[in-house]
Amino acid sequence: KVSSQAAAVRTTCPYCGVGCGVIATPDGTGGAGIAGDTAHPANFGRLCSKGSALGETLGLENRLLHPHVDGVRASWESALGTVAGAFRRTAEKHGPDAIAFYLSGQLLTEDYYVANKLAKGFIGTPHVDTNSRLCMSSAVAAHRRAFGSDTVPGCYEDLDEADVIVLVGSNTAWCHPILFRRMVDARTARGTRLIVVDPRRTETAEEADLFLGLRPGTDSALFSGLLVHLDRVGACDARFVADHTSGYDGALERARAIAPTPAATAAATGLSEADVSAFFDLFAGTKRVVTAFSQGANQSAQGTDKGNAIINCHLATGRIGQPGAGPFSLTGQPNAMGGREVGGLANMLAAHMHFAPEEVDKVRRFWNAPNLITGEGMKAVALFDAIARGKIKALWVMGTNPLVSMPQADVIKDALKGLDLLVVSEVMADSDTASATAKKTVLLPALAWGEKDGTVTNSERRITRQRRFLKAPGEARPDWAVLADVGRRLGHGAAFGFTSAAAVFRQHAALSAFENNGTRDFDIGALADIGDAAYETNLPVQWPLTKRGGTKARLFSDGRFFTFDKRARFVAVQAPALAQATSETMPFVLNTGRVRDHWHTMTRTGKSQRLSAHRPVPFVQVHPRDATAANLAEGGLARVSTAHGAAELEVIVTEAVAPGTLFMPMHWNDSNASMARVGALVRGVPDPLSGQPELKATPAAIAAA
Ligand code: SF4
C-alpha cells in the first residue's frame with residue numbers, strides 16, 4: 001500500500017506489455033530512484049535494462065511545457081478554443097467524419113476512454129484508431145475469429161508451468177525481457193524446452209533448444225503442417241474437438257492443401273525436414289505447451305491467419321486455458337490491452353462491444369450520447385490514406401509519433417500539411433510529429449510517465465496503476481482532462497464533468513457492467529463503484545473478477561467460449577504468400593524490429609546515455625554472402641532503398657539474418673539521425689481482416705553508401 005505521503009510510490013513501467021511493477025522514490029529535484037516492485041506479480045522485483053534506467057529519462061530537456069498554436073506559445077484557453085472551434089466548423093462544413101483521432105498504446109485507459117467517448121459518442125466520428133493497430137490488432141482479430149471475443153486465455157504463470165514454450169515472431173529476450181527470464185527460469189526449474197520460430201537468429205533464438213529459421217511469412221505453413229501432423233499421429237483431443245469446437249474438418253482440409261507432410265512443410269518454410277519433424281514431435285508429445293506470438297506474426301499482411309493457424313493447433317489438442325498450456329499473444333505496448341477494453345480500435349465501440357444494433361443502443365443510452373456512431377471507422381493505414389486524399393480535415397494525434405512509426409511515413413508527413421487542423425498532444429517538443437505542420441497546428445503539452453495517474457492493462461489482463469510521483473511540469477495537463485475540456489467546450493458539459501482519473505475509471509467500469517450481469521461466474525461490475533481509496537490501493541488486479549471474489553487467471557478452461565454456441569472456431573487459413581514480391585531491382589526482404597534498449601521512436605529512451613550506448617547508431621544487418629556481393633564492410637555505411645524511401649545505415653555483417661534478407665531497427669527518427677526512419681521505407685500492406693500493416697517483409701535493395 002502506498003499513501004500519498006509516502007516517499008516511495010508504487011507504479012508500473014511505461015514500456016512493454018509485460019507491465020512490470022516499479023517503485024519510484026522521488027529525489028525532490030525532479031528525478032527518482034527506480035527499483036523493481038517485489039510484490040508485483042508480473043516481475044516480482046525484476047526490471048530489465050529499460051525499466052531500470054527509467055530514472056535517467058525523467059529530465060525536462062526538450063519537454064513541451066506550454067500549448068502552442070502555429071508555433072506561437074498560447075494559453076490553454078486559446079489553444080482549446082481553437083481546437084473546439086475548428087472541430088465545430090469542420091463538422092458543420094464536412095460532416096463529423098471529417099474529424100479523426102489517432103491514439104496510442106502509451107495512453108492510460110482513462111485517456112483512451114474519454115477520447116473514445118468524445119469522438120464516437122459526441123462529435124460523432126468513427127475514425128478513431130491507434131498505434132496498437134501496428135502492434136497486435138492481428139491477434140485481436142484471430143482471437144475474435146476463434147473465441148468469439150478478444151480474449152487472451154492464459155497468464156504469466158503458464159510460462160512458469162509449461163514444458164515446451166514455442167515463441168513465434170518474438171525476440172522475447174529483448175522485447176519482453178522479464179517474461180523471457182521467467183522462461184529461462186522454467187528451463188532451469190523443470191527442463192522447459194524453448195523453440196523459437198523466426199526468420200532471424202535473434203538473441204532469443206540463441207537461447208533456444210530448437211531454432212526454426214523459416215522463410216519470411218511462412219508461419220501459417222508451419223502450423224498448418226503441425227495441425228496435419230497432430231491429426232495423423234492421433235495427438236488431437238477428439239473429445240474436446242467434438243464437444244467444444246467447430247470447423248475442424250474444414251481447417252484440416254485447408255492445412256492438408258498447404259502442408260500435407262513434414263517434407264512439404266519443410267519445402268514451404270525453407271526449414272530442414274529434420275527440424276520440422278523435431279518440432280512436430282515435441283509439440284505432439286508434450287501436454288503443457290504455450291505458443292507465445294508477437295509482432296513477427298502480427299505485423300503481416302496475413303497476420304490474422306498466422307494467429308489462427310497457431311490457435312488451431314491448441315484447439316485441436318485441447319491445450320487452452322490449462323496450466324502451462326495455451327496460445328499467448330504477447331502485446332507490445334504497456335496499455336494495448338486497456339485500449340482494447342475501452343474501444344480504442346476503429347472497429348470497436350466501447351467495453352469490447354462492436355456495432356450490433358443492441359450494442360450501439362446500449363452505449364448510446366449509457367452515455368446519453370447525441371451522435372453515437374453506428375459502424376466502424378477507418379483503421380490506421382486507411383485513415384492516413386484518407387488524410388492524404390483530403391477526406392479527413394482535422395486530426396488529433398495523442399501520445400504517438402506516426403511520422404516515424406507509420407508505414408510510408410514520408411507520404412504521411414506531406415499529407416498532414418493539407419489538414420485544416422492538426423492537434424498533437426505530446427510530451428516532447430522536438431518529436432517528428434510535434435514538428436509537423438498543417439494549415440492550423442495546435443501543440444498541447446501532455447504529462448509524462450511519473451507525472452500522470454491512471455491505469456494500464458498488461459498482456460495477462462492485469463489492471464495496474466501508473467501513479468504520479470512528480471509535479472506536472474510547466475502547463476502540462478492529463479490527456480483525459482484536456483479531452484473533457486474540449487467536450488465541455490463543444491457543449492457537452494454533463495457528459496464530460498470528470499474531476500479525477502478515478503472518476504473516469506469508474507465510468508469505464510460501469511459501462512462494462514451496464515445491463516451486463518456477467519457471464520457464468522464473472523463479476524463484470526466489480527470495479528464499477530471502486531472508491532477513490534480503493535483505486536489507490538486495490539490495484540493491480542487481474543481481469544475478469546469472479547463472483548466468488550477471486551480473479552480468473554485462465555479463461556476457457558471449461559471449454560466454453562464467447563461465441564453464441566459456446567464453441568471455439570477452427571479457421572481455414574490461407575496459404576502463405578508475401579504481399580510484395582522481390583524483384584531484380586529489389587531482391588532483398590527487409591525485416592524490421594526493436595533493439596534491446598530503445599523503446600519505439602526513442603523520445604524517452606534516447607535521453608539515457610546508458611541505453612543509447614547499447615546500439616548507438618542505426619544499422620542494417622546483412623548476411624556475409626550478401627555483404628561480399630555488395631562490397632559492404634562491417635562498420636561501413638550502406639544505403640538501403642525500397643520503392644518508398646531510402647536510409648543510410650551502419651553495416652553489421654552477421655549470419656543472424658538469412659541470405660537475401662536484411663534487418664533494420666525501427667527506433668531512429670529525424671531528431672537524432674538523418675535518413676534512418678524505417679517507417680519511410682515500408683509500404684505496410686494491411687491484413688484484410690485486422691488492418692495491421694506488413695512491416696516485416698518489404699522488397700529492398702542495398703548498396704555501399
Ligand atoms: Fe518495463 Fe517491459 Fe522491461 Fe518490464 S520487461 S521493466 S515492463 S520494459
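Domain bounds, as I'll use them here, come from an automatic or database domain assignment. With that in hand: the C-alpha centres of domain 1 and domain 4 lie 29 Å apart.

Two bits of housekeeping. What you're looking at is a predicted model, where local features need pLDDT of at least 70, side-chain atom pairs count only at pLDDT 80 or more, and totals for chains, interfaces and linings use all residues. Residues are numbered from 1 along each chain as its sequence is written.

Okay, the domains. The chain splits into domain 1 (9-57), domain 2 (68-131 + 335-542), domain 3 (137-330) and domain 4 (588-704). Back to that first pair: six residues of domain 1 are in contact with nine of domain 4, contact being C-beta atoms, placed from the backbone, within 7 Å. On the domain 1 side, that's two nonpolar, two polar and two charged residues. For those classes, Ala, Val, Leu, Ile, Met, Phe, Trp, Tyr, Cys and Pro count as nonpolar, Asp, Glu, Lys and Arg as charged, and the others, Gly among them, as polar.

So where does the ligand lie? Domain 1 and domain 3 both give residues to the shell around the ligand, so it lies between them. The shell has 14 residues, and the closest are Cys-13, Cys-16, Cys-20, Cys-48 and Gly-51; to be near, a residue needs its C-beta atom, placed from the backbone, within 6 Å. Helix 1 (49-52) and helix 7 (177-190) are the elements giving two or more residues to that shell. By class, we get nine nonpolar, four polar and one charged.

Next, the overall build. The chain has 25 helices and 26 strands, which are DSSP runs numbered from the N terminus: H or I for helices, at least four residues, and E for strands, at least two. Its C-alpha trace spans about 70 × 65 × 50 Å along the principal axes. Of the 705 residues, 59% count as buried, meaning 20 or more other C-beta atoms within 10 Å of a residue's own, with C-beta atoms placed from the backbone.

Finally, the inside. The largest nonpolar core has 228 residues; such a core is a set of buried Ala, Val, Leu, Ile, Met, Phe, Trp, Tyr and Cys residues joined through C-beta atoms within 7 Å. Helix 3 (residues 109-123) gives the largest share, eight residues. Val-620 is among the residues with the most contacts inside the core. Leaving aside neighbours within four places in sequence, the contacts of Val-620 include Ala-638, Val-640, Phe-663 and Ile-702.

Methods: Buried ≥ 20, exposed ≤ 12 C-beta atoms within 10 Å, placed from the backbone. Contact = placed C-beta atoms within 7 Å.
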